[in-house]
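Subject: Structure for your review

Dear colleague,

Please find below the structure that I am handing over to you. I would be grateful if you could read the notes that come after it with the structure open beside them.

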Amino acid sequence: MTGQPLAAVSFQGVTRRYGSVCAVSDVTLDISSGEFFALLGSSGSGKTTLLMLLAGFDTPTEGRVLMSGTSVSDTPPHRRRIGVVFQNYALFPHMSAAENVAYPLRMRGVARAEREARVNAALGLVNLADRWSSYPSQLSGGQQQRVALARALVFGPDLLLMDEPLGALDRRLRDQMQQELKRIQGELGITVIYVTHDQSEAMAMANRIGIMAGGRLLQVDDPETIYAAPSNHFVARFLGECSILRVTATDGGRGYEIAGVRQPLPSPATAPFDIVVRPETVSVRPGPEVVSDGAFGVPATIRDVTYLGAGWRVTLELSDGQSLLASIMRGDDGAGHLAPGKPVIARWAPASVAVLPAEGSP
Ligand code: ADP
Ligand code: MG
């Protein structure tokens with residue numbers, strides 16, 4: 001029992017300022033070997049800067065970036081075992097697919113026979129074995145990105161960094177490449193850090209997600225935890241739809257009251273707090289006459305109904321004036337009663353509620 005294994009990647013109090021702009025602000029984060037880690041944030045949140053600091057293309061203003069315990073900035077570029085894929089494929093246009101993929105091996109002085117074997121294996125891994133002689137201009141966007149991936153993997157890096165690699169592809173191709181990337185990561189067991197602004201992409205691919213805003217890392221957790229238990233208002237709103245409701249704490253924080261109705265909390269919270277209700281946990285019954293059974297239910301009026309094929313997105317106005325989103329699937333109870341202006345009873349399961357410190361509270 002001698003301590004933790006060294007993290008594959010460790011950011012320790014990392015800050016990067018450009019003049020007065022703080023692109024990355026005091027980021028501390030450990031990533032384990034074999035993780036598929038997504039950095040998720042909107043444009044300008046500092047994702048690329050953090051990746052560049054890790055790749056050693058840039059150096060922190062404060063703090064340290066370590067790979068397996070060694071400072072990245074102390075390791076010369078050709079000794080760093082890091083593959084990088086950018087959104088714009090950055091292939092050499094005058095080189096064939098095979099020559100592009102061979103490039104990192106040439107830079108490392110790998111002998112020709114081994115080079116050819118490794119290039120073939122890498123092109124096979126990304127299902128492009130038959131296109132080794134094609135030039136980038138003869139390949140589709142998706143194929144070019146596969147070549148870029150093969151080039152990033154060919155020298156057997158410990159770490160693969162990807163910066164919005166599928167951003168230029170259409171939806172269908174993106175879904176297909178997402179699955180392939182997961183397969184390749186599984187086959188190689190490589191650590192991946194994947195930058196994206198697309199929450200569904202991060203949820204679909206990553207073991208853990210780090211949410212960035214304004215250069216700060218706001219929350220790091222597995223996708224289910226971030227969705228079910230966001231740590232603040234920004235994260236709750238950023239990851240999926242939700243309603244954030246003002247409530248009054250009851251029973252010393254063991255429950256809450258909203259619009260005159262009380263419900264217990266899954267675990268006690270410190271007042272004042274808001275609650276997060278996800279639309280798929282809300283059910284809608286015709287009202288108000290059936291609320292007499294003493295069960296939790298908030299009187300509401302339907303304000304808007306949007307048909308989505310598999311169901312409806314319903315905006316409700318609670319009797320205290322707050323707005324609540326509900327996602328009602330075809331066949332759900334109450335699906336037949338959806339019309340703007342109708343009075344209803346809205347319910348959500350006590351266990352599905354997340355609690356946030358009240359916005360604006362100290
Ligand atoms: P993201 O990749 O999340 O879109 P970036 O890391 O590219 O965000 O940028 C974060 C912030 O740092 C932005 O405000 C951006 O304008 C600023 N920034 C990034 N690189 C530079 C630079 N070389 N010089 C000045 N400001 C920069
Ligand atoms: Mg970026």
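The notes below cover pockets, an enclosed cavity, one sheet, some backbone details and the cysteines.

Please bear in mind throughout that this is a predicted model.

Pockets

The largest pocket has a volume of about 560 Å³. Its lining comprises 21 residues, of which F57, I82, V84, P104 and F155 are the closest to the centre. Two or more lining residues come from each of β6 (82-85), α2 (97-107) and α4 (141-153). Of the elements, β6 gives the most, with 4 residues. By class, the lining of this pocket divides into 16 nonpolar, 2 polar and 3 charged residues.

The second largest pocket holds about 260 Å³ of space. Its lining is made up of A98, E99, A102, R106, R112, R115, E116, V119, N120 and W132. Both α2 and α3 (112-125) supply at least two of these residues, and the largest share, 5 residues, comes from α3. Here the classes are 4 nonpolar, 1 polar and 5 charged. Helix α2 thus appears in the lining of the largest pocket and also in that of the second largest pocket.

Cavity

The model contains 1 cavity of 30 Å³ or more, with a volume of about 30 Å³. The residues that line this cavity are F36, L160, M162, L181, I184, Q185, I190 and V192. Strand β7 (159-163) and helix α5 (171-188) are the elements that give two or more residues to the lining; the largest share, 3 residues, is from α5. The lining has 7 nonpolar residues, 1 polar residue and no charged residues.

Sheet

An open sheet is formed by 3 strands in the order β11-β15-β21, with antiparallel pairing. Its edge strands, each of which pairs on one side only, are β11 (243-246) and β21 (354-357). From one strand to the next, the twist averages 35 degrees. The antiparallel pairing of β15 with β21 extends over 4 bridges; within it, V276 has A354 of β21 as its bridge partner.

Backbone details

Most residues other than glycine have a negative phi, and most peptide bonds are trans. Three places in the model may therefore merit your attention against that background.

The peptide bond that joins A271 and P272 is cis, with omega at about -5 degrees. P272 is placed in the loop between β14 (261-264) and β15 (273-277).

S68 is not a glycine, yet has a positive phi of about 45 degrees. This serine lies in the loop between β4 (62-67) and β5 (70-71), and S68 counts as partly exposed because its relative accessibility is 45%.

D251, likewise not a glycine, has a positive phi of about 50 degrees. The loop that holds D251 runs between β12 (248-250) and β13 (255-258).

Cysteines

A disulfide is a covalent bond between the sulfur atoms of two cysteines. The count for this model is 0 disulfides. As to exposure, C22 has 30% relative accessibility and therefore counts as partly exposed. C242, at 17%, falls under the 20% limit and so counts as buried.

With kind regards

Key
Residues numbered from 1 in each chain as written. Chains lettered and ligands numbered in written order. Predicted model: local features only at pLDDT ≥ 70, side-chain atom pairs only at ≥ 80, totals over all residues. Heavy atoms only, no water. Disulfide = S-S within 2.5 Å. Buried < 20%, exposed > 50% of the residue type's maximum accessible area, 1.4 Å probe, protein only. 1 Å grid on protein atoms, 1.4 Å probe; cavity = no way out; pocket = protein on both sides within 12 Å on 5 of 7 lines; lining within 4 Å. Points joined across faces, edges and corners; volume = space filled by probe spheres on them. Nonpolar A, V, L, I, M, F, W, Y, C, P; charged D, E, K, R; others polar. Pairing = 2+ DSSP bridges. Axes fitted to C-alpha atoms, helices over the stretch in contact; angles between N-to-C directions.
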